[in-house]
Amino acid sequence: MLKITDLHAQVEDKEILKGINLEVKAGEVHAIMGPNGSGKSTLASVIAGKEEFEVTEGSVALDGENLEDIAPEERAHKGIFLSFQYPVEIPGVSVTNFMKTAINESRKAKGLDDMPANEMLKMIREKSELLEIDRKFLSRSLNEGFSGGEKKRNEIFQMAMLEPKVAILDETDSGLDIDALRIVANGVNKLKSKDNAVIVITHYQRLLDYIVPDFVHVLYNGKIVKSGGKELAMELEEKGYDWLKQEAAV
Amino acid sequence: MDLKDKLISSFMAFENNVDVENPVHDVRMEAIKNFEEKGFPSKKEEAWKYTSLNSLQKIDFSIFPKEENTIEYKDVKRYFLHEIDTYKIVFIDGIYSSYLSETTHDGVDICLMSAALTKPMYKQVIDVYFNKVASKEESLTTLNTAFSKEGAYIYIPKNKMPKKPIEILHFATGNEAALMLQPRNLIVVEENAEVQIIERHQSLTSNEVLTNSVTEIFAAENGIVDYYKIQNDAPESSLIDNTYINQKGKSVVKVHTFSFGGKLTRNNLNFYQNGEYIDSTMKGVTILGDKQHVDHHSLVHHIEPNCESHQDYKGIYGDGSTGVFNGKIIVDKIAQKTNAFQQNNNILISDKATINTKPQLEIFADDVKCSHGCTIGQLDEDALFYLQSRGIPKKEARALLMYAFANNVLESVRIPELKIRINKLIAEKLGVNLGFDL
């Protein structure tokens, strides 16, 4: 479904991704772990199409289509979703209205009419229940004054609404208490199917107790230095990253 | 003949139509003398450094409309806040239109300056308030004072509040090739009284219009005034708005200025805090394009202790438009425990757009909290990416972010229907297709 081949990317002449290879098939959950500054968030942004990063070599392909030169909004229309580590506040635009705009823009791109209002309301109700989101919350300005947990829950709510093929969760567990973590993870698990895939980017193993990965990859210094099953995450939790850094240095 | 000479010679013609025995006329004569001495302000003056009135002075404005004109309500309905019931004081080419207006004397006076200046029953109020807070030095204010004859007169006695908001509307029909208007408003809100006012100037053709308006507002103890200025006029219309506000203890006055249109707009907004525990709020949203020019000059004079002032002006400048923000705050030596906040944030969306922003703080007290900040920038790239990653195309995402930026100022608008109107105007100015109802 998502195929990353020898991906190199830089920002302002500084190379951050130095040859990443990763294949994510439908129905799979991949975890990407690694110390600070290893390039995890950059990888997420490059997949989502952030223009600030320049891809110098290699490619990202979705269902066989190279995403090079494809704008972030078009990638979203094709089924890429990024849950942000730091969601942006948009005063004056409610969560509901934001989702209506996003969904209808996506439909417009596919040549469809706007989603009928009753259908939209039904969908909003279902998906907000899934994430235990209060009605009142939906009429608040997007992310404005939200707690860390509310912001992350809202990100997964958006994911639920947009029904992506490939969802990338960038540090979705940071800033969450254990209850919020459980709600968010439960939401992600319910959205998982044999037709979509999830990439979980995280520092800690904690989230992976709830969203169980099929594969774990360790990113260090712009490269995947080790891949394994979910037991690799346990090993990292126990031993930290230093042993891998040493291995990579050899 | 240049505009100054024309105005001075017109004053004699003006005198034929007013009661020169009335003491108000002494005030006018003093005022014309001041204007004759000073003339129009030039760019050499610090306060007019970025706003030139030169080209306006070359236009041959009619000082008085030749005839009375009428317009049909259906043709101008959209300029009224017709979603709700309001009192209306409407002028067509400077002349009162009783047909379009709805005034009242039921417990409050919502009527005309021409009546207030001439009828004995208003004499007491006029003696106490007329031309008492307006500047006697500033040349354009004195020019207006010299020709003061018509405008809105609003008097809210102690503990009263009108049943509905008041709209002051000035229409220009274009029956004159170029028309100069000088409305004069007086608003007095006594103790514990409250009023909501919406003011709008609207030209209905592409003929030149220049409005030089003066509004005096007096808020007594615990008085509340909400004043909304909608400046979305035709591209050939210019407005110089001189507003003077005198507040007494515990009064709350909020002025919102929405500047979206017109050729040249200058807002001189002056607050004088003559009492303790006063709250003065100035908010503005400016969205300009083409070669439009808007200049916000605000003054808050903290004269007594324990008062607050809040200023929040946001501007979005496109094409070759220019903006000015000059916010002056004076805190007198005895005005301890003053809280004065000032914020001016601007986004330039074109390489040719310009903004000049200048905070001017003169603080003579030592126990005060004053903060000011101004920013000039482009849109936040991270925010743009966030919206795009949700499938919203770049153009729409930009518009939505600008909408959010400007919209933030509207929280304090207390008339819900007006808030929706302004929301829609902002969306329209920014070309945002919101895809949802507000």
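Start with chain B and colour it by domain: domain 1 covers 1-274, domain 2 covers 296-378 and domain 3 covers 381-438. Keep in mind as you click around that this is a predicted model.

Now show just domain 1 and domain 2 of chain B. Their C-alpha centres sit 25 Å apart. Where they touch, domain 1 of chain B puts in 11 residues and domain 2 of chain B puts in 13 residues. What classes of residue does the domain 1 side bring to domain 2? Colour by class and you'll find five nonpolar and six polar residues, with no charged ones.

Stay on chain B, but bring chain A back into view. Here 20 residues of chain B are in contact with 25 residues of chain A. Select α8 (381-388) and α9 of chain B: each of these helices supplies at least two residues of the side that touches chain A. Going by class, that side of chain B splits into nine nonpolar, six polar and five charged residues.

Next, the inside. Select the largest nonpolar core, which has 166 residues. Which residues have the most contacts inside it? Look for A:I168, A:V200, B:V189 and B:L400. Helix α9 of chain B (residues 394-407) turns up again here, giving this core its largest share, nine residues. As background, nonpolar side chains in soluble globular proteins tend to be buried together.

Zoom in on A:I168. Setting aside residues up to four places away in sequence, A:I168 touches A:A44, A:I47 and A:A48, then A:F81, A:L82 and A:S83, and also A:I199 and A:I201. Then jump to a second, separate core: this one has 10 residues, among them B:F35, B:L143, B:F147 and B:I240.

Time to isolate chain A. Its cartoon should show nine helices and 12 strands. The C-alpha trace spans about 60 × 40 × 35 Å along its principal axes. The radius of gyration of chain A is 18 Å, which agrees with the value near 18 Å for a compact globule of 250 residues. Of those 250 residues, 44% are buried. Colour chain A by sequence position and look at who meets whom: among contacts between residues at least 6 apart in sequence, 71% join residues at least 24 apart.

Still in chain A, pick strands β1 (residues 2-11) and β2 (residues 14-24). They run antiparallel, and eight bridges join them. Put A:I4 in sticks and look across to β2(A), where A:L22 stands opposite. Follow the chain round the end of this hairpin: two residues lie between the strands, and A:E12 in the turn has a positive phi of about 45°.

Two more backbone spots are worth a click. In chain A, go to the loop between β5 (65-66) and α2 (72-78), where you'll find A:D69. Phi of A:D69 is near 65°, a positive value in a residue other than glycine. Is A:D69 buried or exposed? A:D69 counts as exposed, because it has 8 C-beta neighbours inside 10 Å.

For the last stop, hop back to chain B and the loop between β7 (184-189) and β8 (194-203), the place of B:N192. B:N192 is another non-glycine residue with a positive phi, near 60°. With 18 other C-beta atoms within 10 Å, B:N192 is partly exposed.

How values were computed: Residues numbered from 1 in each chain as written. Chains lettered and ligands numbered in written order. Predicted model: local features only at pLDDT ≥ 70, side-chain atom pairs only at ≥ 80, totals over all residues. Helix = DSSP H or I, 4+ residues; strand = E, 2+ residues; numbered from the N terminus. Rg over C-alpha atoms; globule rule 2.2 N^0.38 Å. Buried ≥ 20, exposed ≤ 12 C-beta atoms within 10 Å, placed from the backbone. Contact = placed C-beta atoms within 7 Å. Domains from an automatic or database assignment. Nonpolar A, V, L, I, M, F, W, Y, C, P; charged D, E, K, R; others polar. Core = buried A, V, L, I, M, F, W, Y, C linked by C-beta atoms within 7 Å. Pairing = 2+ DSSP bridges.
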